[in-house]
Amino acid sequence: AKRSTLRIFKDSQLDRQFDETTWPEQHANTPSVKQWSYEQVVDWAKQHNELSDEVASLFEQNRVTGLELLAMAREDVKELGIRRPGTLALVTNAMKGLKMKSQCSPIFIDHDPYSFGKILDQLRLKVMSKEDYKPLLLLCIREGKQDVLVKTVDYYFPGEVAKLVSKENVVVDSDIVSEDEVDIIQGWLDEGGCGSIGKLLYCTSNGGWSSSDFHGTCDDKGPTITIIRSTVGHVFGGFCDTAWS
């Protein structure tokens, strides 16, 4: 993933970890291949399973540094004295692999691979969809991995930022509003810092039509959302931040 993708949500742990202004300081103790001395190049050649001691010896005789090694092409290797086609191919291939590794620094992610993979998918989705982006529903997570994902998200995206990556399932058994409309209502609640939609308390189809039926199940339950469909099909409602009584 690109560093800009990992930093798409500002003030997150990933944003700080991959901050370009602090990156050199975080990895100052890890010398790059360009900084290798000729002794380090020789050690690399000796430890490489596909390179012979002859190759390491030639690197030592010519005092080839890391910077020079990365700049070498096939003809340059020949000039060192490596003529045999098979050996030349192995050295060239090993140098190619080293060049690829030198272009990026490996980062150890000490978290569940499945959960971190889901987080990466969300970051990429955020980059591609921009304004149409939606957080990942826990309902879409493999059974047994939901708690692990929540912990991983909380680590990398502490506080309110976590809600931008994933959110709890909003499942409402309603004949009036659709799942998409429930998501819209939840979005309004998020904007106002009013919490999440909870369980269904009352429905006229199975709870009765009288006011006593309503108050019998809805009183003293904390903040509520009431959605009504009129006899002519109009849908309206409201949010009450105090409990019914």
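This briefing describes the overall make-up, the nonpolar cores, one helix, the surface and the salt bridges of a single protein chain. The model is predicted, and every value below was computed from it. The chain has 14 helices and four strands, and buried residues make up 29% of its 245 residues.

**The chain as a whole**

- The accessible surface of the chain comes to about 16400 Å², and 51% of that area belongs to carbon and sulfur atoms.
- If we take the contacts between residues at least 6 apart in sequence, 54% of them join residues at least 24 apart.
- One example of residues distant along the chain is the pair Asp121 and Ala1, which are 120 residues apart in sequence, while their C-alpha atoms are separated by 9.7 Å.

**The nonpolar cores**

- As general background, nonpolar side chains in soluble globular proteins tend to be buried together.
- The largest nonpolar core in this model has 24 residues, and the members that touch the most other members are Trp44, Leu51, Phe59, Leu69, Ile82, Val91 and Met95.
- Four helices each supply at least two residues of this core, namely α4 (38–47), α5 (53–61), α6 (66–71) and α8 (85–102).
- A second, separate core consists of 20 residues, including Phe18, Ile141, Leu149 and Val161.
- Ile82, one of the highly connected members of the largest core, is in contact with Val55, Leu58, Val77, Thr87, Leu88 and Val91, when its neighbours within four places in sequence are left aside.
- Thr87 is found in helix α8, and it counts as buried because its relative accessibility is 16%, which is under the 20% cut-off for that word.
- With neighbours within four places in sequence again left aside, Thr87 is in contact with Val55 and Ile82, and both of these residues also appear in the account of Ile82, where Val55 is one of its contacts.

**Helix α4, a helix with a buried face**

- The buried residues of α4 are Tyr38, Val41, Val42, Trp44 and Ala45.
- Seen down the axis of α4, these buried residues fall within an arc of 160°, so they line one face of the helix.
- The face of α4 turned away from this buried side carries the exposed residues Lys46 and Gln47.
- The elements that cover the buried residues of α4 include α5, α6 and α8, and each of these helices also supplies at least two residues of the largest core.
- Gln61, whose place is in helix α5, is 19 residues from Val42 in sequence, and the two residues are 9.7 Å apart in space, C-alpha to C-alpha.
- Val42 is among the buried residues of α4, whereas Gln61 counts as exposed because its relative accessibility is 57%, which is over the 50% cut-off.

**A nonpolar patch on the surface**

- Nonpolar residues also occur on the surface, where Ile225, Ile227, Val235 and Phe239 form a patch with about 290 Å² of accessible area together.
- The elements that give two or more residues to this patch are strands β3 (224–229) and β4 (235–240).
- Ile227 lies in strand β3, and at 31% relative accessibility it counts as partly exposed, because that value falls between the cut-offs of 20% and 50%.

**Salt bridges**

- As general background, side chains of opposite charge can pair when their charged atoms come close.
- The structure holds four salt bridges, and the points below describe some of them.
- Asp15 forms a salt bridge with Arg7, with the closest N and O atoms 2.7 Å apart, and both of these residues are buried.
- Lys145 forms a salt bridge with Asp112, with the closest N and O atoms 2.9 Å apart.
- This pair links distant parts of the chain, since Lys145 is in the loop between β1 (136–137) and α10 (146–156), whereas Asp112 is in the loop between α8 and α9, 33 residues apart.
- Asp112 is buried, with a relative accessible area of 18%.
- The side chains of Asp121 and Arg124 meet in a salt bridge at 3.6 Å, N to O, and because these residues are three apart in helix α9, they are separated by about one helical turn.
- Asp121 is partly exposed at 40% relative accessibility, and Arg124 is also partly exposed, with a relative accessible area of 37%.

Methods: Residues numbered from 1 in each chain as written. Predicted model: local features only at pLDDT ≥ 70, side-chain atom pairs only at ≥ 80, totals over all residues. Heavy atoms only, no water. Core = buried A, V, L, I, M, F, W, Y, C linked by side-chain atoms within 4.5 Å. Buried < 20%, exposed > 50% of the residue type's maximum accessible area, 1.4 Å probe, protein only. Contact = heavy atoms within 4.5 Å. Patch = residues over 30% accessible without salt bridge, like charges linked within 9 Å, V, L, I, M, F, W, Y side chains within 5 Å. Areas by Shrake-Rupley, 256 points an atom, 1.4 Å probe, with all protein chains shown as cover. Arc of directions from axis to C-beta.
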